[in-house]
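Visitor: I'd like to learn how to read the packing inside a protein model. Can you walk me through one?

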Amino acid sequence: MFLVTLFLVLTLPAVIGNCEQEDKYKTDPTPIVLWHGMLSSGGLVSRLTYLIRRKIPLAYIKSLKIGSSGYSDYKNSLFMDVNRQVKQACDMIADDPNLRRGYHGVGISQGGQFLRAVAQRCPTPPMFNLITLGAQHQGYYSLGKNLFSLPEFFVDKHSYWEYIRKKSVVVNQLWHDPINHNKYVEENTFIADINNEKTLNVEYRTNLLKLKHLVLVKFDRDYMVVPRESSWFGFYTEGQDKEITNMINSKLYIEDRIGLQELFNSARLHTIVCPGLHIQIENDWFVDNIVLPWLTQTYWDETAQLS
């Protein structure tokens, strides 16, 4: 009898705590903001929203759309200045009363680095967990089997990208040239900025470290984004386009310019492999690896002053 009593005394608080946490995400779940990828991912966003609602029925889910219509959102994902898109997203999030206590972010493909920019530039309301699915956190050097890469078969790669560079297209703002690294840092208007490669913006680092968790998903057969390691902050070693420098060995991590090392050391940076091609996500995988471990977490007690 004594052992039974002792067992109850030791385990009951934990059980009660777990029940309270479970009840909390069921009755007062953390809102979720999704941002789709290039050329829109309306079908995928709808499917992921459905999967989230199956597990968290009361969750408020906001899908970011840049523009007044589906067509303008589609077009803007290709041609609108990324910094303007991020500013508009920050305004939409700040103006939404349902997000005033904070939210989790889920970014699909380029929506991943866009939402990271939101976390770095617009910390109010707070983003708690940021999950990026096949994002290009170090940019990309090629878009693989994509219409933007077709001219590479016919013209010199650098001549082609010099032409693209002069156009107001999103790929220009995400393109990272490892062979001409200094030129990339000087001319890139988005990725080099949010990665603190141009100048050291202390607020970018401070704000990213406010995240509870940063979850980076890489697709193991991603031939669309080259290199696929960009989803984990890896990239080609400077001066060539063959060998990859992973995140841990990168200057960005070693110098801890945006807080990756501190997030890792505090067990808040997570890398996950998703089997399949670029943003080809199975339903069960998404529920088991994203929804249940990350989107059910709540932090209301810590942000009561915002309510």
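Guide: Sure. Contact here means heavy atoms within 4.5 Å. Keep in mind that this is a predicted model.

Visitor: Then which residues does Val-118 touch, leaving out those up to four places away in sequence?

Guide: Val-118 touches Trp-35, Val-86, Ala-89, Cys-90, Ile-93, Tyr-103, Pro-123 and Met-127.

Visitor: How do I read that in terms of a core?

Guide: In soluble globular proteins, nonpolar side chains tend to be buried together. In this model, the largest nonpolar core has 46 residues, and Trp-35, Val-118 and Phe-190 have the most contacts inside it. A second, separate core counts 29 residues, among them Ala-59, Leu-133, Val-287 and Ile-290.

Visitor: Cys-90 was on your contact list. Which cysteine does a disulfide join to Cys-90?

Guide: Look for two cysteine sulfur atoms within 2.5 Å. Cys-90 is joined to Cys-122, with S to S at 2.0 Å. Cys-90 sits in helix α4 and Cys-122 in the loop between α5 and β4, so the pair ties together parts 32 residues apart in sequence. The torsion about their S-S bond is about 95°, so the disulfide is right-handed.

Visitor: Are these two cysteines buried or partly exposed?

Guide: The cut-off for buried is under 20% relative accessible area. Cys-90, at 7%, is buried, while Cys-122, at 21%, counts as partly exposed.

Visitor: And what about empty space: how many cavities of 30 Å³ or more are there?

Guide: One, with about 40 Å³ of space. Its lining includes Trp-35, Asp-73 and Phe-114, and α3 gives the most to that lining, with three residues. By class, the lining has three nonpolar, six polar and one charged residues.

Technical notes:
Residues numbered from 1 in each chain as written. Predicted model: local features only at pLDDT ≥ 70, side-chain atom pairs only at ≥ 80, totals over all residues. Heavy atoms only, no water. 1 Å grid on protein atoms, 1.4 Å probe; cavity = no way out; pocket = protein on both sides within 12 Å on 5 of 7 lines; lining within 4 Å. Points joined across faces, edges and corners; volume = space filled by probe spheres on them. Helix = DSSP H or I, 4+ residues; strand = E, 2+ residues; numbered from the N terminus. Nonpolar A, V, L, I, M, F, W, Y, C, P; charged D, E, K, R; others polar. Core = buried A, V, L, I, M, F, W, Y, C linked by side-chain atoms within 4.5 Å. Buried < 20%, exposed > 50% of the residue type's maximum accessible area, 1.4 Å probe, protein only.
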